[in-house]
Number of protein chains: 2
Amino acid sequence: MQLEKVTKTRKSDEKRRYEDACGLAHALDLIGERWAMLVLRELAYGPRRFSELRSDLQGISANVLTQRLTELEARGLVRKVKLPPPASVQVYQATEWGLEAVPMIASLGRWAARSPAHDPTLPMSHVSIIMSFQTLISPALAEGIDERVGFRLGDADYVVHVHDGRLDVMRADIENTRATFIGSPTEIAAVVHGGAPFDTIKVEGDLEFAGRFAKLFPLPPKVDAS
Amino acid sequence: MQLEKVTKTRKSDEKRRYEDACGLAHALDLIGERWAMLVLRELAYGPRRFSELRSDLQGISANVLTQRLTELEARGLVRKVKLPPPASVQVYQATEWGLEAVPMIASLGRWAARSPAHDPTLPMSHVSIIMSFQTLISPALAEGIDERVGFRLGDADYVVHVHDGRLDVMRADIENTRATFIGSPTEIAAVVHGGAPFDTIKVEGDLEFAGRFAKLFPLPPKVDAS
DNA sequence: CCGTATCCAATAAGATACTG
DNA sequence: CAGTATCTTATTGGATACGG
């Protein structure tokens, strides 16, 4: 019985690969399993704890999360780090190479937003909404802007910096920002991506600038059902 | 029994989605299932028949291929087309929107080629090797080149056009090319990506230019095992 | 509270044989 | 050739219990 089990475990780890030299096939061997890319997304802006990942990845079960993290670590995409004594908690951190995949999976997200089946009213994590800004920002509309904006999304704080038509993201305490948005990721998405009125969320600082900022992220056009 | 079956089918089609507004999660709902991105890859350069797909996607089983094609069609990524009378065969063709995802999954492939675990000696399809050229071409090295090159990969012919640091690809009869490479995808990959000597493949036309062409596609550096 | 390990039921994938 | 049908195996997710 013990022997059977070992065999089974080895198989689930390694057997299900595409035996294909194509880089894409290898990419899918690395991060193609269910939830793997979403785990990587959650690590895009800094290390996270197991329980944060579990609660932000709505619907993943603890054992699957453990397995994905273990696999990603074995493959060199994620490192398990123990924070120094005052905190002493264990966190999972994307490696530099793992982070290189993030812009690619993010643009897959922009591509998929063109789908008629995409439902933007579903819940989303704070990483997702911040990443959507970074991915959807229009360099043309953002031209000439050089400002910092804060986001308080539940208990996660971000500072984003618009400059040169791009958006830099930091997880950091909110200070020295021109404006700050406060609300749940879904509420803020409704305002910025869905054009909902500002009165469902809280905005501090320069309200006029906040209104301008919120228009920098046009959604890609839906595909026509052909 | 009939009723049970209907219920089962509905569930397998729709139940396993990530309930997440994030674009990436939706992308995975669309093309995240096993084999789906590889099917899309095979359709990158033109429509293909069921049996071609089955034999080029080494290891896929007929029922899974059927299911993936059906799903991709329902989601608007693939169209089932019947060619006009002389041929009268049925082919699968990527939609315009489906093709938009191809550059993104191709760059995932370039990213994954940095993995220490990537094994370039495994078999690969003719689409894969052509796509690797398109993805890996170095604009700097290709500067000033404006030439057409042919590839005869088994019974698949391609003409690629290097210009302005890019590579355009057509599936077409080989004519008016400066050079033509003849061999299996794996053999040609060994020469171009692996630096193997030219004597394992056949090259026609301007051999000196062929040698220069073969150096335009540097592999990305491997990640160091940290 | 932070994870891990284990058991169980539901699905998805794989292998093979078969039909129009 | 283009798929179906059927059976077997593997993976997933949910619940629960366990160790630090």
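Which atom of DNA strand D lies 3.2 Å from a polar side-chain atom of Asn63(B)? It is a base oxygen. The structure is a predicted model, and every distance and angle below is computed from it.

The contact of Asn63(B) is with a base, but two other polar contacts go to the backbone of the strand. A polar side-chain atom of Arg34(A) is placed 2.5 Å from a phosphate oxygen of DNA strand D. In chain B, the side chain of Ser51(B) has an N or O atom that is also 2.5 Å from a phosphate oxygen of DNA strand D. Several elements give two or more residues to the surface near the strand: from chain A, helix 1 (2-14) and helix 5 (62-74), and from chain B, helix 4 (50-56), helix 5 (62-74) and strand 2 (90-94).

In total, 20 residues surround DNA strand D. The closest of them are Arg16(A), Arg34(A), Asn63(A), Arg16(B) and Ser51(B). By residue class, this surface divides into seven charged, eight polar and five nonpolar residues. On the DNA side, sugar or phosphate accounts for 75% of the strand's atoms within 4 Å of the protein, and bases supply the rest.

The two protein chains can be compared next. Two copies of a chain are related by a rotation about an axis and a shift along it. Here chain A superposes on chain B by a rotation of 180° with 0.0 Å of shift along the axis, and the RMSD is 0.0 Å. These values correspond to the relation of a two-fold axis. Met104(A) is the residue of chain A that comes closest to the rotation axis, with its C-alpha at 3.1 Å.

Arg34 also appears in contacts within the protein. The charged end of Arg34(B) sits over the ring of Tyr18(A), 4.4 Å from the ring centre, so this placement joins a residue of chain B to one of chain A. A second case of this kind lies within chain A, where Arg171(A) is over the face of Tyr158(A), 5.4 Å from the centre of the ring. In chain A, the backbone oxygen of Arg34(A) is 2.8 Å from a polar side-chain atom of Arg68(A). Arg68(A) belongs to helix 5 of chain A. With a relative accessibility of 9%, Arg68(A) is buried, because the limit for that class is under 20%.

Aromatic rings provide another set of contacts. Over all chains, the count comes to 24 aromatic pairs. In one of them, Phe133(A) and Phe217(A) have ring centres 4.8 Å apart and planes at 40°, so the pair is tilted. Phe133(A) is in helix 8 (residues 126-136) of chain A, whereas Phe217(A) is in the segment after helix 10 (207-213), so the pair ties together parts that are 84 residues apart in sequence. Both Phe133(A) and Phe217(A) are buried. Another tilted pair is made by Phe209(B) and Phe213(B), with 6.4 Å between the centres and 45° between the planes. These two residues are four apart in helix 10 (residues 207-213) of chain B, which means that Phe209(B) and Phe213(B) are separated by about one helical turn. Phe209(B) and Phe213(B) are likewise buried. In chain A, one aromatic cluster is formed by Phe133(A), Phe151(A), Phe181(A), Phe198(A), Phe209(A), Phe213(A) and Phe217(A).

Three loop residues of chain A complete the account. Asp20(A) is in the loop between helix 1 and helix 2 (23-31). The relative accessible area of Asp20(A) is 11%, which means that the residue is buried. Its side chain reaches the backbone nitrogen of Cys22(A) at 2.8 Å.

Trp35(A) occupies the loop between helix 2 and helix 3 (36-42) of chain A. Although Trp35(A) is not a glycine, its phi is positive, at about 80°. Trp35(A) has 9% relative accessibility and therefore counts as buried. Asp164(A), in the loop between strand 4 (156-163) and strand 5 (166-171) of chain A, also has a positive phi in a residue other than glycine, near 55°. Its relative accessibility is 64%, so Asp164(A) counts as exposed.

Technical notes. Residues numbered from 1 in each chain as written. Chains lettered and ligands numbered in written order. Predicted model: local features only at pLDDT ≥ 70, side-chain atom pairs only at ≥ 80, totals over all residues. Heavy atoms only, no water. Near = heavy atom within 4 Å. Polar contact = N/O pair within 3.5 Å; in protein donor to acceptor, adjacent residues only side chain to side chain. Nonpolar A, V, L, I, M, F, W, Y, C, P; charged D, E, K, R; others polar. Phe/Tyr/Trp six-rings, centres within 6.5 Å; stacked < 30°, edge-to-face > 60°. Buried < 20%, exposed > 50% of the residue type's maximum accessible area, 1.4 Å probe, protein only. Lys NZ or Arg CZ within 6 Å of the ring centre and 35° of its normal. Least-squares fit on C-alpha atoms with pLDDT ≥ 70 in both.
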